[in-house]
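Here is a short report on one structure and the ligand it holds. Keep the sequence and the 3D view open while you read.

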Amino acid sequence: MKPSLRYADTRDAEAIAAIADSVLAASIALDSPRLRRILAQKRALVAAAAGEVLGFCDSFLTKNALGEPRLELDLLAVAPSARGMGIGSALVAAAVIRAERLGAANLRALVRTSNAPMQAICRRAGLARSQSVGSLNVCWDSAAPSAPSAARSAHLIPVETLIYSGIWLEGNLSQPALDAAEALRRQKGAELTGTVLPHGHAEAAELLRANGFQALGDYHWWSLTL
Ligand SMILES: CC(C)(COP(=O)(O)OP(=O)(O)OC[C@H]1O[C@@H](n2cnc3c(N)ncnc32)[C@H](O)[C@@H]1OP(=O)(O)O)[C@@H](O)C(=O)NCCC(=O)NCCS
């Protein structure tokens, strides 16, 4: 039976958590208020056949540094038994339509450089790969002082995803920028701060390490201008 796509709601929580656990090794607490909020927002898509959820794709709006709306293609996962049938591609195509409907200026996804299936899906959906490779850096609990500071070049984006709440940091990295991110993380009660640092910025990489960030691997941005 061909899977159909629909927006996830509370009845899908267990299936989404089970797929996230087995495919992404990510834990989603079923009783978390964040999960309830995300499902209530009708933003995550599921692919289901015969009443069984086979995959999901979450996406949400942020603003880029110019203040334009941008759709972030976040978690995407398909159960191993249902792969290679076009479900991942269909979920991404539906997210592109959602981005257009929401008036987003563009859509983007952060994809591991080694993730060939996801790269194939992005290419098929018309997304273009960034020239530079970036290292994803995440900090769960910074030692940085939390005093708010002026960091004009820092662009801070509070996010709630299915697996964490966090602050994304974009723009030029500096100690004031990291301090501002940490202050916002504490203010929001968010779990982590994350940033993607293009390769070749040794000083900024050292600054991140000194502030307790861990490098989690190499990624490309894939994006589509709408
Ligand atoms: C990525 C994922 C969602 C794809 O789901 P899917 O339903 O199998 O995707 P589709 O069937 O639409 O397409 C898979 C594409 O990957 C290609 N592919 C599969 N394995 C591949 C490999 N080892 N090397 C290159 N391409 C590969 C397929 O050929 C297909 O591309 P095509 O349609 O151009 O031929 C699924 O593999 C998954 O859940 N992976 C783990 C989680 C993950 O990586 N999520 C994305 C994080 S950004």
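The sections below cover the ligand site, then ring contacts, polar contacts, chain contacts and backbone angles.

## The model

This is a predicted model. Every distance, angle and area below was computed from it.

## The shell around the ligand

How many residues surround the ligand? The count is 20. The closest are Leu76, Gly84, Ser89, Asn115 and Arg124.

Several elements build this shell. Helix H1 (13-24), strand S4 (69-78), helix H3 (87-101) and helix H4 (116-124) each give at least two residues. Which of them supplies the largest share of the shell? That is H4, with six residues. By class, the shell holds 13 nonpolar residues, five polar ones and two charged ones.

## Polar atoms at the ligand

Three residues are worth picking out here. In Ser89, a side-chain N or O atom lies 2.6 Å from an oxygen atom of the ligand. Ser89 is also listed among the closest residues of the shell. Met85 uses its backbone: an N or O atom there is 3.3 Å from a ligand oxygen. In Arg83, a side-chain N or O atom is 3.4 Å from an oxygen atom of the ligand.

How much of the ligand does the protein bury? Taken alone, the ligand exposes 960 Å². The protein buries 66% of that area.

## Aromatic rings

The structure has one aromatic pair. Its partners are Phe60 and Trp168. The ring centres are 5.7 Å apart, and the planes meet at 45 degrees. Is the pair stacked or tilted? It counts as tilted, because the angle falls between the 30 degrees that bounds stacked pairs and the 60 degrees that bounds edge-to-face pairs.

The pair links distant parts of the chain. Phe60 belongs to strand S3 (residues 52-63), and Trp168 to strand S9 (residues 165-171). They are 108 residues apart. Phe60 has a relative accessibility of 5% and therefore counts as buried. Trp168 is buried too, at 13%.

Another ring has a charged neighbour. Arg108 lies over the face of Trp221, 3.8 Å from the ring centre.

## Side-chain polar contacts

Asp9 sits in the loop between strand S1 (4-7) and H1. Its side chain makes a polar contact of 3.0 Å with the side chain of Arg11. Is Asp9 buried or exposed? Its relative accessibility is 18%, so it counts as buried. The cut-off for buried is under 20%.

Thr62 is in strand S3, the strand that also holds Phe60. The side chains of Thr62 and Glu72 are joined by a polar contact of 2.5 Å. Thr62 is buried, with a relative accessible area of 7%.

## Contacts across the chain

Gly134 is in strand S7 (residues 134-139). Its relative accessibility is 4%, so Gly134 counts as buried. Which residue, 64 positions from Gly134 along the chain, has its C-alpha atom 3.9 Å away? That residue is Pro198. Pro198 lies in strand S10 (residues 192-198). Pro198 is partly exposed, at 33% relative accessible area.

Gly134 has another contact of this kind. Its C-alpha atom is 5.6 Å from that of Asp218. These two residues are 84 residues apart along the chain.

## Backbone angles

Most residues other than glycine have a negative phi. Ala25 has a positive phi of about 50 degrees although it is not a glycine. Ala50 likewise has a positive phi of about 50 degrees.

Where do these alanines sit? Ala25 is in the loop between H1 and helix H2 (33-40). Ala50 is in the loop between strand S2 (45-49) and S3. Ala25 is exposed, with a relative accessible area of 69%. Ala50 also has a value of 69% and therefore counts as exposed.

## What to look at

Start at the ligand and find H4, which gives six residues to the shell. Then find the oxygen atom of the ligand that is 2.6 Å from the side chain of Ser89. Move on to the tilted pair of Phe60 and Trp168. Finish at Gly134, whose C-alpha atom is 3.9 Å from that of Pro198 and 5.6 Å from that of Asp218.

How values were computed
Residues are numbered from 1 along each chain as its sequence is written. This is a predicted model: local features need pLDDT of at least 70, side-chain atom pairs count only at pLDDT 80 or more; totals for chains, interfaces and linings use all residues. Side-chain values use heavy atoms; hydrogens and water are left out. A residue is near a molecule or strand if one of its heavy atoms lies within 4 Å of it. A polar contact is a pair of N or O atoms within 3.5 Å; within protein, one must be able to donate a hydrogen and the other to accept it, and residues adjacent in sequence count only if both atoms are side-chain atoms. Accessible areas come from the Shrake-Rupley method with a 1.4 Å probe; for residues, only the protein chains shown count as cover. Helices (H or I, at least four residues) and strands (E, at least two) are DSSP runs, numbered from the N terminus. Ala, Val, Leu, Ile, Met, Phe, Trp, Tyr, Cys and Pro count as nonpolar, Asp, Glu, Lys and Arg as charged, and the others, Gly among them, as polar. Rings of Phe, Tyr and Trp (its six-membered ring) pair if their centres lie within 6.5 Å; planes under 30 degrees apart count as stacked, over 60 as edge-to-face and the rest as tilted. Buried means under 20% relative accessible area, exposed over 50%, partly exposed in between (1.4 Å probe, protein chains only). A charge sits over a ring if NZ of Lys or CZ of Arg is within 6 Å of the ring centre and within 35 degrees of the ring normal.
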